[in-house]
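Open the model in your viewer and keep the sequence panel beside it. This tour tells you what to select at each stop and what is there.

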Amino acid sequence: PVFTSMAITEAIEDAAYSYTMTGKDIDVGATFSFAATTLPSWLTFDGTATISGTPTNDNVGANSVVLTVSDGTATVEMPFTLTVANTNDPPSQFDLISPQHNITIYDNDIEFQWQLSEDVDVDDMLNYIFYIYGTNSFFSDSISNANTYSITARELMDLASPTDFIFSAGDLTLELGWYVACSDNIITTY
């Protein structure tokens, strides 16, 4: 027997892959069967003629595959390398740590902290965008590979609008929200 189908040797991470084998035999009326003797863990063989699966980031790169066709007398192998191309994965979600509540103006420097995000794409450089917002105010700044941002109380007062200030129990408080986004320059996670 011989294979009449050409192996599909490229796949894309997170995209379904499927290849159906076909063959022929010079002996008229011969029946043959297909098998998969070597497959990466993300591929399955349906027992008849098709291998399929969806590769993940862990499967990016070269994957060995060996398929066979047999007519009961002779067996022919078709070895090939199935290359999985990487797709960009988003940075992971992360939590804001502090401050959790409004900021009292007598604090000198206010340090904002958050958990670092992670990205399974090892070559991605993560950048953080720090945002402060109020009723009629907005501020943002970019930070590379850090999980803190410091700003003085004076700088906060300068960016705030009058409606962001609250005077209560002898304290002047700024009522501002904040959040951080993480970007790998392709996908941004908030």
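**Stop 1: a buried ring pair**

Select Phe 130 and Tyr 149. Both are buried, meaning under 20% relative accessible area, while exposed means over 50% and partly exposed lies in between, with a 1.4 Å probe and protein chains only. You are looking at a predicted model, where local features need pLDDT of at least 70, side-chain atom pairs count only at pLDDT 80 or more, and totals for chains, interfaces and linings use all residues. Residues are numbered from 1 along each chain as its sequence is written, and side-chain values use heavy atoms, with hydrogens and water left out.

Now look at the two rings. Phe 130 and Tyr 149 form a stacked aromatic pair, 4.4 Å centre to centre with 20° between the planes. Rings of Phe, Tyr and Trp (its six-membered ring) pair if their centres lie within 6.5 Å; planes under 30 degrees apart are stacked, over 60 edge-to-face, and the rest tilted. Phe 130 sits in strand β13 (residues 127–133) and Tyr 149 in strand β15 (residues 148–152), 19 residues apart. Strands (E, at least two residues) and helices (H or I, at least four) are DSSP runs, numbered from the N terminus.

**Stop 2: the ring cluster and the core**

Add Phe 94, Phe 112, Trp 114, Tyr 128, Phe 139 and Trp 178. Ring pairs link these with Phe 130 and Tyr 149 into a cluster.

Which residues have the most contacts inside the largest nonpolar core? They are Phe 112, Trp 114, Phe 130, Ile 132, Ile 151 and Leu 156, in a core of 20 residues. Such a core is a set of buried Ala, Val, Leu, Ile, Met, Phe, Trp, Tyr and Cys residues joined through side-chain atoms within 4.5 Å. The elements giving two or more residues to this core are β12 (109–114), β13, β15, α1 (153–159) and β18 (177–183). A second, separate core has 17 residues, including Tyr 19, Met 21, Val 65 and Met 78.

**Stop 3: another ring pair**

Select Tyr 17 and Trp 42. The pair is edge-to-face, because the ring centres are 6.0 Å apart and the planes stand at 75°. Tyr 17 lies in strand β3 (residues 17–20), and Trp 42 in the loop between β5 (33–38) and β6 (43–45), so the pair ties together parts 25 residues apart in sequence. Both Tyr 17 and Trp 42 are buried.

**Stop 4: a three-stranded sheet**

Show β3, β7 and β6 as ribbons. They form an open, antiparallel sheet in the order β3-β7-β6. Two strands pair if DSSP finds at least two bridges between them. The edge strands, β3 and β6, each pair on one side only. β6 and strand β7 (residues 50–53) share three bridges. Pick Thr 44: its bridge partner in β7 is Ser 52.

**Stop 5: Glu 13**

Select Glu 13, in the loop between β2 (10–12) and β3. Is Glu 13 buried or exposed? Glu 13 counts as buried, because its relative accessibility is 2%. Then pick Ser 98: the two are 85 residues apart in sequence and 36 Å apart in space, C-alpha to C-alpha.

**Stop 6: zoom out**

Show the whole protein. There are one helix and 19 strands. The C-alpha atoms fill a box of roughly 95 × 25 × 20 Å along the principal axes. Buried residues make up 37% of the 190 residues. A search of the whole structure finds 17 aromatic pairs.
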